[in-house]
Amino acid sequence: MTNTPLDRLDADFRAAMRQLAATVCIITAGKGAERRGLTATAVCSMSVTPPSMLVCVNRYGEAHQAITAADSFCVNILAADQQEAALRFAGQAGDSGATKFAPYGWTELATGAPALDGALVNLDCAIASATETESHSVFIGTVRAIRFGSETSPLLHYNRNFLSLVNQTAPMQRT
Ligand SMILES: Cc1cc2nc3c(=O)[nH]c(=O)nc-3n(C[C@H](O)[C@H](O)[C@H](O)COP(=O)(O)O)c2cc1C
(Lines give C-alpha, C1' and ligand atoms only; values in the text may rest on other atoms or scores of the structure.)
Protein backbone atom coordinates (compact mmCIF):
# COMPACT_ATOMS: atom_id res chain seq x y z
CA MET A 1 0.00 0.00 0.00
CA THR A 2 1.37 3.48 -0.87
CA ASN A 3 0.00 6.54 0.87
CA THR A 4 0.78 9.93 -0.68
CA PRO A 5 3.17 11.71 1.74
CA LEU A 6 1.33 14.32 3.82
CA ASP A 7 3.45 17.20 2.49
CA ARG A 8 2.33 16.36 -1.06
CA LEU A 9 -1.28 15.54 -0.35
CA ASP A 10 -2.57 19.12 -0.58
CA ALA A 11 -0.91 19.87 -3.93
CA ASP A 12 -1.80 16.45 -5.33
CA PHE A 13 -5.40 16.86 -4.23
CA ARG A 14 -5.67 20.23 -6.00
CA ALA A 15 -4.13 18.71 -9.15
CA ALA A 16 -6.49 15.75 -8.98
CA MET A 17 -9.56 17.96 -8.56
CA ARG A 18 -8.59 19.98 -11.62
CA GLN A 19 -9.39 16.80 -13.58
CA LEU A 20 -12.89 16.66 -12.14
CA ALA A 21 -14.66 18.53 -14.96
CA ALA A 22 -17.83 20.16 -13.69
CA THR A 23 -20.76 22.31 -14.72
CA VAL A 24 -20.51 25.81 -13.28
CA CYS A 25 -23.40 27.12 -11.18
CA ILE A 26 -24.15 30.28 -9.23
CA ILE A 27 -25.89 29.69 -5.91
CA THR A 28 -27.95 32.67 -4.73
CA ALA A 29 -30.00 33.57 -1.67
CA GLY A 30 -31.71 36.54 -0.02
CA LYS A 31 -33.60 39.58 -1.24
CA GLY A 32 -32.71 43.15 -2.21
CA ALA A 33 -29.61 44.47 -0.44
CA GLU A 34 -29.33 41.19 1.46
CA ARG A 35 -28.78 39.15 -1.72
CA ARG A 36 -25.59 37.14 -1.84
CA GLY A 37 -24.25 34.55 -4.26
CA LEU A 38 -21.25 32.45 -5.12
CA THR A 39 -19.92 30.49 -8.07
CA ALA A 40 -19.96 26.79 -7.24
CA THR A 41 -19.21 23.44 -8.79
CA ALA A 42 -19.82 21.38 -5.64
CA VAL A 43 -23.43 20.89 -6.72
CA CYS A 44 -25.25 17.67 -7.46
CA SER A 45 -28.62 16.11 -7.85
CA MET A 46 -29.43 14.15 -4.68
CA SER A 47 -32.81 12.52 -5.16
CA VAL A 48 -35.84 12.61 -7.42
CA THR A 49 -38.35 11.78 -4.68
CA PRO A 50 -38.49 14.42 -3.39
CA PRO A 51 -36.54 16.41 -5.99
CA SER A 52 -33.47 17.50 -4.02
CA MET A 53 -30.12 19.21 -4.64
CA LEU A 54 -26.94 19.01 -2.59
CA VAL A 55 -24.55 21.99 -2.51
CA CYS A 56 -21.34 22.62 -0.55
CA VAL A 57 -20.73 26.22 0.54
CA ASN A 58 -17.72 27.68 2.34
CA ARG A 59 -18.81 28.69 5.85
CA TYR A 60 -16.55 31.75 5.82
CA GLY A 61 -17.87 33.29 2.57
CA GLU A 62 -20.58 35.95 2.69
CA ALA A 63 -23.13 33.85 0.79
CA HIS A 64 -23.20 31.24 3.54
CA GLN A 65 -24.87 33.51 6.06
CA ALA A 66 -27.44 34.66 3.47
CA ILE A 67 -28.36 31.07 2.58
CA THR A 68 -28.76 30.16 6.24
CA ALA A 69 -30.82 33.30 7.01
CA ALA A 70 -33.11 32.83 3.98
CA ASP A 71 -33.54 29.09 4.61
CA SER A 72 -33.52 28.73 0.82
CA PHE A 73 -31.24 29.02 -2.20
CA CYS A 74 -31.41 28.95 -5.97
CA VAL A 75 -29.04 26.84 -8.08
CA ASN A 76 -28.47 28.64 -11.37
CA ILE A 77 -26.88 26.31 -13.93
CA LEU A 78 -24.84 28.60 -16.17
CA ALA A 79 -24.95 28.76 -19.93
CA ALA A 80 -21.66 28.88 -21.86
CA ASP A 81 -22.03 32.65 -22.46
CA GLN A 82 -22.20 33.40 -18.70
CA GLN A 83 -18.49 33.08 -17.90
CA GLU A 84 -18.31 36.74 -16.90
CA ALA A 85 -20.98 36.13 -14.23
CA ALA A 86 -19.07 33.03 -13.06
CA LEU A 87 -15.94 35.12 -12.52
CA ARG A 88 -17.88 37.92 -10.81
CA PHE A 89 -19.61 35.56 -8.37
CA ALA A 90 -16.26 33.90 -7.65
CA GLY A 91 -15.06 37.32 -6.43
CA GLN A 92 -12.72 37.82 -9.39
CA ALA A 93 -14.26 41.06 -10.69
CA GLY A 94 -13.47 43.07 -7.58
CA ASP A 95 -17.01 43.50 -6.27
CA SER A 96 -18.82 41.77 -3.44
CA GLY A 97 -22.17 41.49 -1.68
CA ALA A 98 -25.34 42.57 -3.48
CA THR A 99 -23.37 44.63 -6.04
CA LYS A 100 -22.44 41.36 -7.79
CA PHE A 101 -26.10 41.14 -8.87
CA ALA A 102 -26.32 44.55 -10.54
CA PRO A 103 -25.27 43.67 -14.14
CA TYR A 104 -27.80 40.86 -14.57
CA GLY A 105 -31.56 40.24 -14.66
CA TRP A 106 -33.16 38.29 -11.81
CA THR A 107 -36.57 36.74 -11.21
CA GLU A 108 -38.17 35.39 -8.03
CA LEU A 109 -39.67 31.92 -8.39
CA ALA A 110 -41.13 30.10 -5.34
CA THR A 111 -38.91 30.85 -2.34
CA GLY A 112 -37.83 34.39 -3.25
CA ALA A 113 -34.20 33.38 -3.92
CA PRO A 114 -32.85 35.23 -7.00
CA ALA A 115 -33.07 33.19 -10.22
CA LEU A 116 -30.58 34.35 -12.86
CA ASP A 117 -32.17 35.23 -16.20
CA GLY A 118 -30.45 33.53 -19.13
CA ALA A 119 -29.24 30.55 -17.09
CA LEU A 120 -29.73 27.10 -18.58
CA VAL A 121 -31.89 26.11 -15.64
CA ASN A 122 -32.85 27.65 -12.27
CA LEU A 123 -33.64 25.28 -9.41
CA ASP A 124 -35.26 27.10 -6.51
CA CYS A 125 -34.80 25.15 -3.27
CA ALA A 126 -36.02 25.26 0.34
CA ILE A 127 -33.38 24.04 2.78
CA ALA A 128 -34.16 20.57 4.13
CA SER A 129 -30.93 20.08 6.06
CA ALA A 130 -27.53 21.62 6.72
CA THR A 131 -24.45 19.75 7.91
CA GLU A 132 -21.32 21.62 8.95
CA THR A 133 -17.81 20.38 8.28
CA GLU A 134 -14.67 22.27 9.31
CA SER A 135 -14.74 24.61 6.29
CA HIS A 136 -18.01 24.03 4.43
CA SER A 137 -21.70 23.45 5.01
CA VAL A 138 -23.45 20.76 3.02
CA PHE A 139 -26.93 22.07 2.27
CA ILE A 140 -29.65 19.79 0.96
CA GLY A 141 -32.52 21.66 -0.64
CA THR A 142 -35.94 20.45 -1.68
CA VAL A 143 -36.73 21.83 -5.13
CA ARG A 144 -39.81 24.10 -5.09
CA ALA A 145 -39.65 25.49 -8.64
CA ILE A 146 -37.72 24.88 -11.86
CA ARG A 147 -37.36 27.32 -14.76
CA PHE A 148 -35.77 26.26 -18.04
CA GLY A 149 -33.82 28.72 -20.19
CA SER A 150 -32.78 28.35 -23.79
CA GLU A 151 -31.13 25.19 -25.07
CA THR A 152 -27.45 25.95 -25.34
CA SER A 153 -24.19 24.56 -23.98
CA PRO A 154 -23.57 24.58 -20.23
CA LEU A 155 -20.49 26.40 -18.91
CA LEU A 156 -17.92 23.82 -17.82
CA HIS A 157 -14.83 24.14 -15.63
CA TYR A 158 -11.87 21.84 -16.22
CA ASN A 159 -8.15 22.18 -15.56
CA ARG A 160 -8.60 25.83 -14.44
CA ASN A 161 -10.32 26.72 -17.72
CA PHE A 162 -13.89 27.58 -18.62
CA LEU A 163 -15.11 25.51 -21.57
CA SER A 164 -18.27 24.87 -23.53
CA LEU A 165 -19.58 21.91 -25.47
CA VAL A 166 -19.23 23.53 -28.89
CA ASN A 167 -21.55 21.78 -31.37
CA GLN A 168 -22.15 19.05 -28.84
CA THR A 169 -25.32 20.13 -27.07
CA ALA A 170 -28.03 17.53 -26.68
CA PRO A 171 -31.67 18.59 -26.77
CA MET A 172 -33.22 19.00 -23.32
CA GLN A 173 -35.56 16.10 -22.62
CA ARG A 174 -38.47 17.12 -20.42
CA THR A 175 -40.30 13.79 -20.32
C1 LIG B 1 -15.05 27.22 -10.82
C2 LIG B 1 -15.26 27.56 -9.36
C3 LIG B 1 -15.97 26.69 -8.55
C4 LIG B 1 -16.18 26.97 -7.20
N5 LIG B 1 -16.91 26.10 -6.43
C6 LIG B 1 -17.18 26.42 -5.14
C7 LIG B 1 -18.02 25.59 -4.36
O8 LIG B 1 -18.55 24.57 -4.82
N9 LIG B 1 -18.27 25.96 -3.07
C10 LIG B 1 -17.72 27.09 -2.51
O11 LIG B 1 -17.96 27.37 -1.32
N12 LIG B 1 -16.92 27.91 -3.23
C13 LIG B 1 -16.65 27.62 -4.53
N14 LIG B 1 -15.87 28.46 -5.29
C15 LIG B 1 -15.31 29.66 -4.66
C16 LIG B 1 -16.34 30.80 -4.51
O17 LIG B 1 -17.01 31.07 -5.73
C18 LIG B 1 -15.64 32.09 -4.03
O19 LIG B 1 -14.92 31.81 -2.85
C20 LIG B 1 -16.58 33.24 -3.82
O21 LIG B 1 -15.84 34.44 -3.73
C22 LIG B 1 -17.41 33.12 -2.55
O23 LIG B 1 -18.26 34.26 -2.50
P24 LIG B 1 -18.84 34.78 -1.10
O25 LIG B 1 -17.68 35.25 -0.29
O26 LIG B 1 -19.77 35.89 -1.51
O27 LIG B 1 -19.57 33.67 -0.44
C28 LIG B 1 -15.65 28.18 -6.65
C29 LIG B 1 -14.95 29.07 -7.47
C30 LIG B 1 -14.76 28.77 -8.82
C31 LIG B 1 -14.01 29.75 -9.70
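**Exercise 1. Which residue in β11 is the bridge partner of Thr-23?**

Solution. This is a predicted model, in which local features need pLDDT of at least 70, side-chain atom pairs count only at pLDDT 80 or more, and totals for chains, interfaces and linings use all residues. Residues are numbered from 1 along each chain as its sequence is written.

Step 1. Fix the elements: strands are DSSP runs of E with at least two residues, helices are runs of H or I with at least four, and both are numbered from the N terminus.

Step 2. Find the pair. β1 and β11 (residues 155–158) run antiparallel and are joined by two bridges. Two strands pair if DSSP finds at least two bridges between them.

Step 3. Read off the partner: Thr-23 bridges to Leu-156 in β11.

Step 4. Place the pair in its sheet. The open sheet has three strands, in the order β1-β11-β12, with antiparallel pairing. β1 (22–23) and β12 (161–164) are its edge strands, each pairing on one side only.

**Exercise 2. Set out the seven-strand sheet and its bridges.**

Solution.

Step 1. Write the order: β3-β2-β6-β9-β10-β5-β4, an open sheet with antiparallel pairing.

Step 2. Mark the edges. β3 and β4 (43–47) each have a single partner strand, so one side of each is left without a neighbour in the sheet. From one strand to the next, the twist averages 35°. Axes here are lines fitted to C-alpha atoms, for helices over the stretch in contact, and angles run from 0 to 180 degrees between N-to-C directions.

Step 3. List bridges for some of the pairs.

- β6 (residues 72–77) pairs with β9 over six bridges. Ser-72 has Ala-126 as its partner in β9.
- β9 (residues 121–132) is joined to β10 by eleven bridges. Asn-122 has Arg-147 as its partner in β10.
- β5 is joined to β10 (residues 136–148) by seven bridges. Val-57 has Ser-137 as its partner in β10.

Step 4. Add the connection: a hairpin of three residues leads from β9 to β10.

**Exercise 3. Describe the shell around the ligand.**

Solution.

Step 1. Apply the cut-off: a residue is near a molecule or strand if its C-beta atom, placed from the backbone, lies within 6 Å of it.

Step 2. Name the nearest. The ligand has 16 residues around it, and Ala-40, Ala-42, Gly-61, Ala-63 and Gly-91 come nearest.

Step 3. Assign elements. β3 (36–40), β5 (52–58) and α2 (62–70) each supply at least two shell residues. β3 gives the largest share, four residues.

Step 4. Sort by class: eight nonpolar, six polar and two charged. Ala, Val, Leu, Ile, Met, Phe, Trp, Tyr, Cys and Pro count as nonpolar, Asp, Glu, Lys and Arg as charged, and the others, Gly among them, as polar.

**Exercise 4. Why does Leu-116 count as buried?**

Solution.

Step 1. Locate Leu-116: strand β8 (residues 114–116).

Step 2. Count neighbours. Leu-116 is buried because 27 C-beta neighbours lie inside 10 Å. With C-beta atoms placed from the backbone, a residue is buried if 20 or more others lie within 10 Å of its own, exposed if 12 or fewer, and partly exposed in between.

Step 3. List contacts. Beyond residues up to four places away in sequence, Leu-116 touches Ile-26, Asn-76, Tyr-104, Trp-106 and Asn-122. Contact requires C-beta atoms, placed from the backbone, within 7 Å.

Step 4. Contrast a helix. Zero of the twelve residues of α1 are buried, so α1 lies largely in the open.

Notes: Two residues are in contact if their C-beta atoms, placed from the backbone, lie within 7 Å.
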